[in-house]
Amino acid sequence: MDPHYSNVGDCRLVELPQIRNSAGNLTALNGGQDIPFPIARVYYIYDVPGGSVRGGHAHRDLLQIIISLSGSFEVVLDDGKTKKTISLNKPNIGLLVCPGIWRDLQNFSSGSVCLVLASLPYFEADYIRDYNKFLEWKF
Ligand code: TYD
């Protein structure tokens, strides 16, 4: 997919496998099988002060799956024309965010933990952190 033409409709929720038993649940994620890309990097966001907004950028090439491991938060997706707010609050649901989509993460509940599975290593040149530059790049 050309990230210049990606839109919020290309982002989708992915149901992650759950192994359930009376002692609790377990989710195992195999890159390329349970999620649609090989996993190059994992990071997680936690201890977010109330009212903080994170994200505030788009990626040129990176694909991500964003998961709420605990608590809840919202992801606002923006393709430059349309915005869509997705609430995440289940550890077995991931949000696939395509390249070329601006995202903000907001309304973190107290104690929430956000897990991100990324298709590429960290590479600052892949980020677009200025919204006007994002719009110029997109259109
Ligand atoms: P940033 O991507 O801006 O965080 P968020 O999108 O969650 O608000 O990253 C915050 C800081 O962490 C920034 O200085 C870059 C650094 N960082 C790494 O060093 N490696 C990583 O894999 C990530 C995601 C960020």
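User: Which residues lie nearest the centre of the largest pocket, and how many line it?

Analyst: In this predicted model, the largest pocket has 15 lining residues, and Tyr43, Ile45, Arg54, Gly55 and His57 are nearest its centre. Its volume is about 220 Å³.

User: What makes a residue count as lining the largest pocket?

Analyst: A lining residue has an atom within 4 Å of a grid point of the pocket. For the largest pocket, 15 residues are counted as lining. Strand 4, strand 5, strand 6 (64–70), strand 10 (102–106) and strand 11 (113–118) each give at least two residues to that lining. By class, eight of the lining residues are nonpolar, three polar and four charged.

User: Where is the ligand placed, and what is the criterion?

Analyst: A molecule sits in a pocket if more than half of its atoms lie within 2 Å of the grid points. The space that the ligand takes is the largest pocket.

User: Which residues surround the ligand?

Analyst: The cut-off is a heavy atom within 4 Å. The shell consists of Arg41, Tyr43, Ile45, Arg54, Gly55, His57, Tyr122, Tyr127 and Arg129. Strand 4 (41–45) and strand 5 (54–59) each contribute at least two residues to this shell. It has four nonpolar, two polar and three charged residues.

User: Why is the pair between Arg54 and the ligand called a polar contact?

Analyst: A side-chain N or O atom of Arg54 is 3.1 Å from an oxygen atom of the ligand. The limit for a pair of N or O atoms is 3.5 Å, so the pair qualifies as a polar contact.

User: What are the distances for Gly55 and Tyr127?

Analyst: Gly55 has a backbone N or O atom 2.9 Å from a ligand oxygen atom. For Tyr127, a polar side-chain atom is 2.9 Å from an oxygen atom of the ligand. Of the 530 Å² of accessible area that the ligand has on its own, the protein covers 62%.

User: What makes a space a cavity and not a pocket?

Analyst: In a cavity a 1.4 Å probe fits but cannot get out, whereas a pocket is open. The structure has one cavity of 30 Å³ or more. The largest cavity holds about 40 Å³ of space, and its lining residues include Arg41 and Tyr127. Both residues also belong to the ligand shell.

Technical notes. Residues numbered from 1 in each chain as written. Predicted model: local features only at pLDDT ≥ 70, side-chain atom pairs only at ≥ 80, totals over all residues. Heavy atoms only, no water. Polar contact = N/O pair within 3.5 Å; in protein donor to acceptor, adjacent residues only side chain to side chain. Areas by Shrake-Rupley, 256 points an atom, 1.4 Å probe, with all protein chains shown as cover. 1 Å grid on protein atoms, 1.4 Å probe; cavity = no way out; pocket = protein on both sides within 12 Å on 5 of 7 lines; lining within 4 Å. Helix = DSSP H or I, 4+ residues; strand = E, 2+ residues; numbered from the N terminus. Nonpolar A, V, L, I, M, F, W, Y, C, P; charged D, E, K, R; others polar. Points joined across faces, edges and corners; volume = space filled by probe spheres on them.
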